[in-house]
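Let's take a walk through this structure together, with a stop at the ligand and a look at some backbone details along the way.

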Amino acid sequence: MTSLQDCRALDAVDPLRPLRDLFALPAGVIYLDGNSLGPLPRATAARVARAVQDEWGEGLIRSWNSAGWFELPARIGDRIAPWIGAAAGEVVATDTTSVNLYKVLSAALTLAAQDAPRRRVVVSERSNFPTDLYIAQALCRERGCELRLVEAEGIAAALDAGVAVLLLTHVNYRTGAMHAMADVTARAHAAGALAIWDLAHSAGAVPVDLHAADADFAIGCGYKYLNGGPGAPAFAWVHPRHADRFWQPLAGWWGHEAPFAFTPEYRPAPGIARYLCGTQPVLSMTALGCGLETLEASLPLGGMAALRRKSLALTDLFIALVEQRCAGAGLRLVTPRGHADRGSQVCLARDTGAYALVQALIARGVIGDYRAPDILRFGFTPLYLGFEDVWQAVEHLREVLATGEWQREEFNRQQAVT
Ligand SMILES: *Cc1c(COP(=O)(O)O)cnc(C)c1O
């Protein structure tokens, strides 16, 4: 049995503990939703204010050059690269995850059509994040392709000679289950298909090595574990073997080889820069830079290896405490137990009351989220969460269940964003 004192002792020797001070978390909140919206870094408000007042207010249009605005997508992309096993010059920060998926899936289908015209199937997981499935549906309609949705266990069997692209999210948003990226990519390649990985729940959360996995394309999110703020730019990566082979479909002027030549013909920029479309959100990009600083601050303390070690310790502790202290309360562990099989979140299911339980916890300052129809989802970010936080979160969950507090009417009224 783990005690509160044990948790405090773990915090006392946690080498990552000082990183918590990089965040402006509200008092009394245990934030278990950094997988949905990373919290505000302390540096962001002043840095964005400077971008507004000095760079925009004083510098005006000169700041595209003098403040380096124009290079931001590439510079921020270069800072994302080491967290996903990409090299400098291979990543751009831009647009949204959904839009970037449209670009890379379209590019992958074009590649497949050139190299293997009979391949017309996109395989994905039925439980993939819906926006990924919607974008895939739209593109398949447009291209006359088939979208084949399977369960995780059925992926290998679905990779037949008709498959052009395997599109997967590395860590599942609902269950926290993680694919073995290198093995699955090798299987796709052996079947003659390209592999696209959505890193929304893995960039900054788990070790990712796109080159070691020999992936073809990747996209990911800036406002989750990268702490870039609401609506932060997403990112796109294309393996250098593909990057120069074709245009992506949203061929706007920022992806042009020389945007300020204003030529009537599109000439794609070399490499990943052609995955840009139009003018970038400079203020959001600036905030994303501050989010990346919080991850970079972990580098002298062991970087991703240390973050992952603590993330697994936090999630192991959460699972153990829920099983010890909330036994018999109808909660089931949905997330796989094996360390290699999960990301940085733990999901519990309950036949009734999952939504209301999450609302009751939020009212107590323990912020997780609900995913229909029956999941309580808790994200664990080792940058700012401690072991006592995990203890207190489970204690609140135990009390909310034991007292029936969750059954109050106010916790059973559903809101638009869950
Ligand atoms: C969060 C998330 C997205 C978000 O897409 P947006 O275009 O930023 O809204 C996409 N895919 C996955 C798998 C996600 O988890």
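Where is L60 found? L60 sits in the loop between α2 (44-58) and α3 (63-66). Please keep in mind that this is a predicted model.

**A loop residue worth a visit**

L60 has a positive phi, near 50 degrees, and this in a residue other than glycine. Most residues other than glycine have a negative phi. How is L60 classed, buried or partly exposed? Its relative accessible area is 49%, so L60 counts as partly exposed, because the partly exposed class lies between 20% and 50%. L60 also takes part in a nonpolar surface patch, together with W56, I61 and L283. That patch covers about 440 Å².

**Another positive phi, and a cis bond**

N227 has a positive phi as well, of about 60 degrees, although N227 is not a glycine. You will find N227 in the loop between β7 (217-220) and β8 (234-238). With a relative accessible area of 1%, N227 is buried, because buried means under 20%.

Now follow the chain to another loop, between β12 (369-371) and β13 (375-379), where P373 is found. The peptide bond that leads from A372 to P373 is cis, and its omega is near 0 degrees. Most peptide bonds are trans.

**Around the ligand**

Which residues surround the ligand? The shell is made of T96, T97, S98, F129, T131, D132, T169, D198, A200, H201, Y223 and K224. Sorted by class, this shell has six polar, three nonpolar and three charged residues. Two helices, α5 (97-115) and α6 (130-143), each supply at least two residues of the shell.

Several polar atoms of the protein lie beside oxygen atoms of the ligand, and the table lists them with their distances.

| Residue | Polar atom in the residue | Distance to a ligand oxygen atom |
|---|---|---|
| T96 | side chain | 3.5 Å |
| T97 | backbone | 3.5 Å |
| K224 | side chain | 2.6 Å |

How much of the ligand does the protein bury? Taken alone, the ligand exposes 390 Å², and the protein buries 87% of that.

**Back over the route**

On your next look at the model, you might start at L60 in the loop between α2 and α3, then go to N227 in the loop between β7 and β8. From there, the cis bond from A372 to P373 is another stop. You could finish at the ligand, with T96, T97 and K224 among the residues that surround it.

Terms used
Residues numbered from 1 in each chain as written. Predicted model: local features only at pLDDT ≥ 70, side-chain atom pairs only at ≥ 80, totals over all residues. Heavy atoms only, no water. Near = heavy atom within 4 Å. Polar contact = N/O pair within 3.5 Å; in protein donor to acceptor, adjacent residues only side chain to side chain. Areas by Shrake-Rupley, 256 points an atom, 1.4 Å probe, with all protein chains shown as cover. Helix = DSSP H or I, 4+ residues; strand = E, 2+ residues; numbered from the N terminus. Nonpolar A, V, L, I, M, F, W, Y, C, P; charged D, E, K, R; others polar. Patch = residues over 30% accessible without salt bridge, like charges linked within 9 Å, V, L, I, M, F, W, Y side chains within 5 Å. Salt bridge = Lys/Arg side-chain N within 4 Å of Asp/Glu carboxyl O. Buried < 20%, exposed > 50% of the residue type's maximum accessible area, 1.4 Å probe, protein only.
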